[in-house]
Amino acid sequence: MQKRKLFSIILAACVCILPAASQSQSFPNGSTSGTMEMNRTVQPITVPNVNLTVTNPSDGREMAFSVQVLVLLTVLSLAPSLLILLTCFLRFSIVLDFIKRALSLQQVPPTSVLNGIAFFMTLFVMWPTINRVYTDAFQPLSRGEITIEEAYHEAETPIRLFMYGQMRDNTDNIKMFMSMAKLQRPNTLADVPTYILIPAYILHELTVAFKIGILLYIPFIIIDMVVASVLMSMGMMMLPPVQISMPFKLMLFVLVDGWGLLTQQLFNSVVGG
């Protein structure tokens, strides 16, 4: 019985509330009248229809164009590797990592920061070469004045000149790769194929970077040796010498303006190389 009475009370309350809710409510004077309709001047968002079709080439021209597009996409996918290996980025990144290890720094500055510094320094040093590639190869290709093959040769020339300019005082690597490929000794730069010039340049950059790194390591190794000798003479053999020598190395590096000198010498090593 109690459940029936409770159900009757709830049903009566719903019957009384629903008519009152269905009546229109009056708003105060001066209020803005609302509407549920969208403004007709509003244009709906249009989503483009993307259609991808694959067809067989009708002649050799379309076939050659498809191969060119495939080669271009392959080159774009290899762009990070080309940036690292065909520019001075390799030298800068290795030297910056050497100086970080010489200062006995573990996490500061992070590797991503060092790579960013090396990247923007590479853009600064390589800007004349990049500008020439853009002017002689990319702009004529975008205007349709030259083909992809011609644009490739126009872009290849300044990069080859840059790589050869870094090795003009030491062409042993070029001779080594030429002999390994069983090719005749080149008389000029034009006689050196690109697939020979690139690995020779990479080995040259690795050698130069390690030479600079060794020279950077020497003064900091001396500080480590002095600190280790002092601690051993004082009987503090259990104290790690790195913890004591690191502040002295940082003070020396800051007092001589190490970052400025390092950047200037890296720039001179490439431009004057």
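## Burial and the model

A residue counts as buried under 20% relative accessible area, as exposed over 50%, and as partly exposed in between. Asp-224, at 26% relative accessibility, is therefore partly exposed. The structure is a predicted model.

## Salt bridges between helices

Side chains of opposite charge can pair when their charged atoms come close. The whole structure contains 4 salt bridges. One of them joins Glu-205 and Arg-91, at 2.6 Å from N to O. Glu-205 belongs to helix H8 and Arg-91 to helix H4, so this pair ties together parts 114 residues apart in sequence. Both Glu-205 and Arg-91 are buried.

Asp-224 takes part in another salt bridge, with Lys-249. Their closest N and O atoms are 3.3 Å apart. Lys-249 sits in helix H9 (residues 241-255) and Asp-224 in helix H8, so the pair ties together parts 25 residues apart in sequence. Lys-249 has 0% relative accessibility and counts as buried. Its partner Asp-224 is partly exposed, at 26%.

## A salt bridge within helix H5

Asp-136 and Arg-132 also meet through their side chains in a salt bridge, at 3.5 Å from N to O. Both residues lie in helix H5. They are 4 residues apart, about one turn of the helix. Asp-136 is partly exposed, with 29% relative accessibility. Arg-132 is partly exposed too, with a relative accessible area of 37%.

## The nonpolar core

In soluble globular proteins, nonpolar side chains tend to be buried together. Here the largest nonpolar core has 39 residues. The members that touch the most others are Cys-88, Phe-92, Phe-162, Ile-174, Leu-197 and Leu-266. Six elements give two or more residues each to this core: helix H4 (89-102), helix H5 (111-142), helix H6 (148-166), helix H7 (172-180), helix H8 and helix H10 (258-271).

Take Leu-197, one of those core members. Neighbours within four places in sequence are set aside here. Leu-197 is then in contact with Arg-160, Met-163, Met-167, Ile-174, Leu-189 and Val-192. Ile-174 is itself among the core members that touch the most others.

## Aromatic pairs

A pair of aromatic rings is described by the distance of the centres and the angle of the planes. The structure holds 7 aromatic pairs. In one, the rings of Phe-98 and Tyr-217 have centres 6.0 Å apart and planes at 90°. Planes over 60 degrees apart count as edge-to-face, so the Phe-98 and Tyr-217 pair is edge-to-face.

This pair links distant parts of the chain. Phe-98 is in helix H4 and Tyr-217 in helix H8, 119 residues apart. Phe-98 is buried, at 16% relative accessibility. Tyr-217 is partly exposed, with a relative accessible area of 26%. Ring pairs also bring in Phe-210, forming a cluster of Phe-98, Phe-210 and Tyr-217.

## A nonpolar surface patch

Nonpolar side chains also form a patch on the surface, of about 760 Å². Its residues are Ile-214, Leu-215, Ile-218, Ile-222, Val-226, Val-230, Met-234 and Met-236. Ile-214 lies in helix H8, which covers residues 194-233. At 52% relative accessibility, Ile-214 counts as exposed.

## Helix H8 in review

Helix H8 recurs in this picture. Helix H8 gives two or more residues to the largest nonpolar core. Through Glu-205, helix H8 is tied to helix H4. Through Asp-224, helix H8 is tied to helix H9. Tyr-217 of helix H8 adds an aromatic link to Phe-98 in helix H4.

Key. Residues are numbered from 1 along each chain as its sequence is written. This is a predicted model: local features need pLDDT of at least 70, side-chain atom pairs count only at pLDDT 80 or more; totals for chains, interfaces and linings use all residues. Side-chain values use heavy atoms; hydrogens and water are left out. Patches are made of residues with over 30% relative accessible area and no salt bridge: like charges are joined within 9 Å, nonpolar side chains (Val, Leu, Ile, Met, Phe, Trp, Tyr) within 5 Å. Accessible areas come from the Shrake-Rupley method with a 1.4 Å probe; for residues, only the protein chains shown count as cover. Buried means under 20% relative accessible area, exposed over 50%, partly exposed in between (1.4 Å probe, protein chains only). A nonpolar core is a set of buried Ala, Val, Leu, Ile, Met, Phe, Trp, Tyr and Cys residues joined through side-chain atoms within 4.5 Å. Contact means heavy atoms within 4.5 Å. Rings of Phe, Tyr and Trp (its six-membered ring) pair if their centres lie within 6.5 Å; planes under 30 degrees apart count as stacked, over 60 as edge-to-face and the rest as tilted.
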